[in-house]
Amino acid sequence: MVLIMCGCQCQLRHMHVLLLAALWPQTTEREAEVDQLSMKFGKRLKQQIQESLPEWRDKFLSYKELKKLVKLISSAPPLLNESLEYGKSEAEFVYLLNNEIDKFNAFFMEQEEDFIIQHKELQQRIQRVIDTWGPNGNQPSEADYKEEMEKIRKDIVNFHGEMVLLENYSNMNYTGLAKILKKYDKRTGGLLRLPFIQKVLQQPFFITDLVSKLVKECENTIDAVFPAEEEDTSREKKEAITVAGDGIFRNTVAALMTMQEIRRGSSTYSHFSLPPLNLPDSDLIHSLQLNSPIPIL
């Protein structure tokens with residue numbers, strides 16, 4: 001698969017595209033890719049959790065457990081919607097969903113707070129290096145300046161990757177909730193999905209504006225402080241392949257590829273569908289063609 005950047009100048013996005021090109025299956029592997037497209041959401045979520053950061057893995061939706069509960073409720077003897085037993089079953093299901101939302105919110109807000117602190121610290125580090133070893137610093141040193149700036153550049157790239165992963169965390173959990181609610185309504189005759197999703201749309205874990213803003217500021221910082229130089233493309237790609245083996249790059253690429261596969265898996269669309277990944281003006285997202293909503297099948 002060939003990815004085209006459409007004139008993108010951002011080094012972060014350019015590096016991610018090189019990584020995607022290095023990791024994406026070649027045409028000789030298309031049959032395996034087709035099998036991936038038919039993968040059910042539960043398997044996709046499990047795969048995404050495995051590809052996520054280790055400390056994040058217990059923070060995702062307990063999709064399998066909720067699916068089992070829906071099956072258990074729906075397999076019980078038929079109950080009238082207004083019956084006491086039906087009310088108890090639905091209350092238990094809603095209680096578990098609310099616990100999941102509390103889990104998402106607590107984790108998401110903790111990550112947001114950490115990102116705000118990290119962003120400020122990175123800006124302060126850049127200024128200290130400029131003031132100390134820059135051309136007009138109190139101890140000008142080109143060697144020290146380049147060495148310290150390279151460390152900061154790597155930290156910014158990792159920081160950017162973690163924020164993209166959090167965007168994906170929000171998207172995956174919303175999609176899982178919408179899917180499990182649809183299963184519940186379909187199998188029990190309930191009417192939970194619409195009011196519950198309306199509640200979800202107001203939750204902190206779903207509102208990613210701040211993270212999106214920090215992602216964009218990271219990209220702007222890389223462009224402003226570390227201007228792109230004319231480099232050999234083959235050498236860049238070789239470096240991209242080298243770092244793709246593990247770490248935040250690998251996790252970020254896996255997240256973006258999962259979102260792409262989910263979005264193109266079906267043309268089904270409804271008012272429960274998730275909007276496009278919210279990375280404003282990101283050529284990376286356009287290059288991955290992530291501009292169609294995630295279908296809630």
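This passage describes the helical make-up of a predicted model, its burial and surface, its largest cavity and one of the helices lining that cavity.

The protein chain contains eleven helices and zero strands, so the pattern along the sequence, given the DSSP runs counted as helices, is simple to follow: α-α-α-α-α-α-α-α-α-α-α. Of the 297 residues in the protein chain, 43% are buried. The chain exposes about 15900 Å², and 53% of this area comes from carbon and sulfur atoms. Contacts reach well along the sequence: among those between residues at least 6 apart, 78% join residues at least 24 apart.

Turning to the interior, the structure holds one cavity of 30 Å³ or more. The largest cavity encloses about 40 Å³ of space, and its lining consists of H119, L122, Q123, I156, F159, C218 and T221. Two or more of these lining residues come from each of α5 (84–133), α6 (142–188) and α8. Helix α5 gives the most, with three residues. By character, the lining comprises four nonpolar residues, three polar residues and no charged ones.

Helix α8 deserves a look of its own. This helix covers residues 209–225, and its 17 residues should span 24 Å at 1.5 Å a residue; the end C-alpha atoms are 24 Å apart, so the expected and modelled spans agree. The buried residues of α8 are V211, S212, L214, V215, C218, E219, T221 and I222. Two of the names in this buried set, C218 and T221, also appear in the lining of the largest cavity.

Conventions:
Residues numbered from 1 in each chain as written. Predicted model: local features only at pLDDT ≥ 70, side-chain atom pairs only at ≥ 80, totals over all residues. Heavy atoms only, no water. Helix = DSSP H or I, 4+ residues; strand = E, 2+ residues; numbered from the N terminus. Expected span 1.5 Å × (residues − 1). Buried < 20%, exposed > 50% of the residue type's maximum accessible area, 1.4 Å probe, protein only. Contact = heavy atoms within 4.5 Å. Areas by Shrake-Rupley, 256 points an atom, 1.4 Å probe, with all protein chains shown as cover. 1 Å grid on protein atoms, 1.4 Å probe; cavity = no way out; pocket = protein on both sides within 12 Å on 5 of 7 lines; lining within 4 Å. Points joined across faces, edges and corners; volume = space filled by probe spheres on them. Nonpolar A, V, L, I, M, F, W, Y, C, P; charged D, E, K, R; others polar.
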